[in-house]
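Trainee: Could we go through this structure together, one question at a time, so that I can learn how to reason from it?

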Amino acid sequence: MEHDGVKRIRTGGIGYLAPLSGSGEWYWGTDYTSGDLYEAEELYRSGHRIRQNRLILVHWPDGRVAEPVTAREGQYFGLPAWDGAPVILLADFPAGEIRLLRCDDGADAATPVAVLPLAEIEDCYNLMPHTAPLMLTRQTAGRFQVLWPERADFAIHAEETFCFRDGEKLYFSRWYEDPDYREEVVVRRMPDGAVLEQFRGSLLELSDGRQWLLTE
């Protein structure tokens, strides 16, 4: 039964949805049967049998639920992205592949746009798609990589987080506690990571995918 102003969304047990940033109309959710993508990879590499997870998309405002890809045993979803349509990250551990799949207009089906050998990726820690353009990235403390469709690999500050790309500029947020908390914006050059600008401020992504730069 639905109440006034309350819509029932049947998710099959997935209890949390997040906005698909940049879309303005899609939410996404997944269950974490074996932890996040990196934890599932660790279990698989240790010889454990992992349970595949599910990823759903929910359309606003009608609440329609779409499940464009059904994972098989040994496959696991990571974070999705928006590139004019939902883009899904899927690790196929038995096949040794990482796949990026683009959903159709209704998000009822998806087709591959990139397939990468898992052996070419150190691990799945912080592995995620970003836009624009669509690219697959990986970040650890002190290192940032672009893995597809171009290649880049360079050192960053340990408290630096990649936010977005604008042409050949890569925008990072850096935070300090010395002792007061403050943030800086670091603009780096693609592909060598050279610092082009660094100033006090922060970055805010809007629901439609546009970026605001907040400065003094």
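**Salt bridges, surface and overall shape**

Mentor: Let us begin with one pair in this predicted model: Arg 102 forms a salt bridge with Asp 83, and their closest N and O atoms are 3.1 Å apart. The two residues belong to distant parts of the chain, with Arg 102 in strand E8 and Asp 83 in the loop between strand E6 and strand E7, 19 residues apart.

Trainee: Is Arg 102 buried, partly exposed or exposed?

Mentor: Buried means under 20% relative accessible area and exposed means over 50%, with partly exposed in between. Arg 102 has a relative accessible area of 26%, so the word for Arg 102 is partly exposed.

Trainee: Which residue does Arg 165 pair with in a salt bridge, and how many residues apart in sequence are the parts that the pair ties together?

Mentor: The partner of Arg 165 is Glu 150, with the closest N and O atoms 2.9 Å apart. Arg 165 lies in strand E14, whereas Glu 150 lies in the loop between E12 and strand E13, so the pair ties together parts of the chain whose separation in sequence is 15 residues.

Trainee: Does Arg 165 count as buried or exposed?

Mentor: The cut-off to remember is that buried means under 20% relative accessible area. Because Arg 165 has 6% relative accessibility, Arg 165 counts as buried. Its partner Glu 150, at 31% relative accessibility, counts as partly exposed, but for Arg 165 the answer is buried.

Trainee: Which residues are joined into one network by salt bridges that share partners?

Mentor: One link to look at is between the side chains of Glu 122 and Arg 143, which meet in a salt bridge of 2.7 Å, N to O. Here Glu 122 sits in the loop between strand E9 and strand E10, and Arg 143 sits in strand E12, 21 residues apart. Through shared partners, the network consists of Glu 122, Asp 123, Arg 138, Arg 143 and Asp 153.

Trainee: Which residues form a nonpolar patch on the surface?

Mentor: One member is in strand E17, namely Leu 204, which is partly exposed with a relative accessible area of 37%. Together the members have about 290 Å² of accessible area, and they are Leu 204, Trp 212 and Leu 214.

Trainee: What radius of gyration does the protein have?

Mentor: The secondary structure comes to 1 helix and 18 strands, and the C-alpha trace spans about 50 × 50 × 35 Å along its principal axes. For 216 residues, a compact globule would have a radius of gyration near 17 Å, and the protein agrees with this, having 18 Å.

Technical notes: Residues numbered from 1 in each chain as written. Predicted model: local features only at pLDDT ≥ 70, side-chain atom pairs only at ≥ 80, totals over all residues. Heavy atoms only, no water. Patch = residues over 30% accessible without salt bridge, like charges linked within 9 Å, V, L, I, M, F, W, Y side chains within 5 Å. Areas by Shrake-Rupley, 256 points an atom, 1.4 Å probe, with all protein chains shown as cover. Salt bridge = Lys/Arg side-chain N within 4 Å of Asp/Glu carboxyl O. Helix = DSSP H or I, 4+ residues; strand = E, 2+ residues; numbered from the N terminus. Buried < 20%, exposed > 50% of the residue type's maximum accessible area, 1.4 Å probe, protein only. Rg over C-alpha atoms; globule rule 2.2 N^0.38 Å.
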